[in-house]
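Here is a friendly walk through one protein chain, with the cut-offs given along the way. Please have the sequence and the coordinates open as you read.

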Amino acid sequence: GSFFAVNKHHRIVSDGFLTWVVDDLRSIMKILRLEEINVLSTMLLFEYDKRSKCLKTRSLGDGVWFVNDVEHRIDQNNIPDYIGYHVNDDDLNPYLEKYPIRAFYDVTRFMVCSDGIERIERGSLQKPPAVDPIKLLFHPPASPNYLDRMWNLIKRDGWILADDLSIVSYA
């Protein structure tokens with residue numbers, strides 16, 4: 001649709017793309033009468049080129065990246081400097097300069113996770129765990145619904161989420 005047509009000159013991790021997002025966010029905030037507090041959210045952006053095996057990432061908020069099974073933690077002590085705090089800034093560049101684009105090469109496997117991955121906890125009065133949730137979730141996917149299937153096993157074993165969790169996996 002129009003999203004990619006409008007942004008054909010901007011890579012998703014680029015300053016240009018983020019400036020465009022903030023401009024649109026300002027318009028949406030006016031229409032819906034939203035305040036800054038209503039648009040605070042982590043943004044974990046990435047683009048992957050299958051031919052060159054290059055992964056480019058940009059993190060605006062807390063999150064965890066696993067690149068070829070190596071963990072890269074973005075930790076802002078659970079008080080992230082969300083882009084929503086800067087939606088009314090006249091110049092977005094000082095904010096964006098604090099969060100550079102990172103490039104990884106020869107990438108064959110990666111996972112993008114919100115910081116909720118650190119908040120998978122045992123429910124109260126549960127039997128000893130039969131599964132390790134992190135190992136299950138980070139195992140190379142065997143099917144398109146792999147994460148859903150593994151999450152069902154994790155829940156059945158008594159694990160719960162104490163924070164929101166998003167995961168994108170590529171292998």
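Let us start with an arginine. Arg122 counts as partly exposed because its relative accessible area is 24% (buried means under 20% relative accessible area, exposed over 50%, partly exposed in between, with a 1.4 Å probe and protein chains only). This is a predicted model, in which local features need pLDDT of at least 70 and side-chain atom pairs count only at pLDDT 80 or more, while totals for chains, interfaces and linings use all residues. Residues are numbered from 1 along each chain as its sequence is written, and side-chain values use heavy atoms, with hydrogens and water left out.

**Arg122 and its partners**

Arg122 meets Asp157 in a salt bridge, 3.6 Å from N to O (a side-chain nitrogen of Lys or Arg within 4 Å of a carboxyl oxygen of Asp or Glu). The pair links distant parts of the chain, 35 residues apart: Arg122 is in strand 7, and Asp157 is in the loop between helix 5 (146-156) and strand 8 (159-161). Helices (H or I, at least four residues) and strands (E, at least two) are DSSP runs, numbered from the N terminus. Asp157 is buried, because its relative accessible area is 5%.

The charged end of Arg122 also sits over the ring of Trp159, 4.8 Å from the ring centre; this calls for NZ of Lys or CZ of Arg within 6 Å of the ring centre and within 35 degrees of the ring normal. Trp159 lies in strand 8 and counts as buried at 14% relative accessibility. Leaving aside neighbours within four places in sequence, Trp159 is in contact with residues including Ile120, Glu121, Arg122 and Pro129, where contact means heavy atoms within 4.5 Å. From Trp159 to Pro129 the C-alpha to C-alpha distance is 8.3 Å, with their positions 30 residues apart in sequence.

**Salt bridges**

How many salt bridges does the count come to? The count is nine, and three of these pairs are tabulated here.

| Pair | Closest N to O distance |
|---|---|
| Glu118 and Arg73 | 1.6 Å |
| Glu121 and Arg119 | 3.1 Å |
| Asp157 and Arg122 | 3.6 Å |

Glu118 lies in the loop between strand 6 and strand 7 (120-122) and Arg73 in strand 4 (residues 70-74), so their pair ties together parts that are 45 residues apart in sequence. Glu118 counts as partly exposed at 41% relative accessibility, and Arg73 counts as partly exposed at 41%. Shared partners join Glu71, Arg73 and Glu118 into one salt-bridge network. In the pair of Glu121 and Arg119, Glu121 is partly exposed at 31% and Arg119 is partly exposed at 32%.

**Aromatic rings**

The count of aromatic pairs comes to nine. Rings of Phe, Tyr and Trp (its six-membered ring) pair if their centres lie within 6.5 Å; planes under 30 degrees apart count as stacked, over 60 as edge-to-face and the rest as tilted. Why is the pair of Phe46 and Phe110 edge-to-face? Their planes are at 70 degrees, with the ring centres 5.4 Å apart, so the pair earns that label. Phe46 is in strand 1 (residues 43-49) and Phe110 in strand 6, 64 residues apart. Phe46 counts as partly exposed at 26% relative accessibility, whereas Phe110 is buried at 3%. One aromatic cluster is formed by Phe46, Tyr48, Trp65, Phe110 and Tyr170.

Arg109 is in the loop between strand 5 (102-104) and strand 6 (110-114). Arg109 counts as buried at 9% relative accessibility, and its contacts beyond four places in sequence include Phe66, Asp69, Phe138 and Tyr170.

**Nonpolar cores**

A nonpolar core is a set of buried Ala, Val, Leu, Ile, Met, Phe, Trp, Tyr and Cys residues joined through side-chain atoms within 4.5 Å. The largest has 16 residues, and Leu18, Met43, Leu60, Ile83 and Tyr95 have the most contacts inside it. Helix 2 (15-32), strand 1 and helix 3 (93-97) each give two or more residues to this core, and helix 2 provides the largest share, five residues. Leu18 touches Met43, Leu60 and Ile83, among others. Another core lies apart from it, with 13 residues, among them Met111, Ile117, Ile120 and Trp151.

**Confidence**

The chain has a mean pLDDT of 85, and 93% of its residues reach 70 or more; pLDDT is the predictor's confidence in each residue, from 0 to 100. Among the elements, strand 5 has the highest mean (94) and helix 1 (residues 2-6) the lowest (40). Over residues 1-7 pLDDT stays under 50, and the model has five contacts beyond four places in sequence for them. Where pLDDT is low, the predicted coordinates should not be read in detail.
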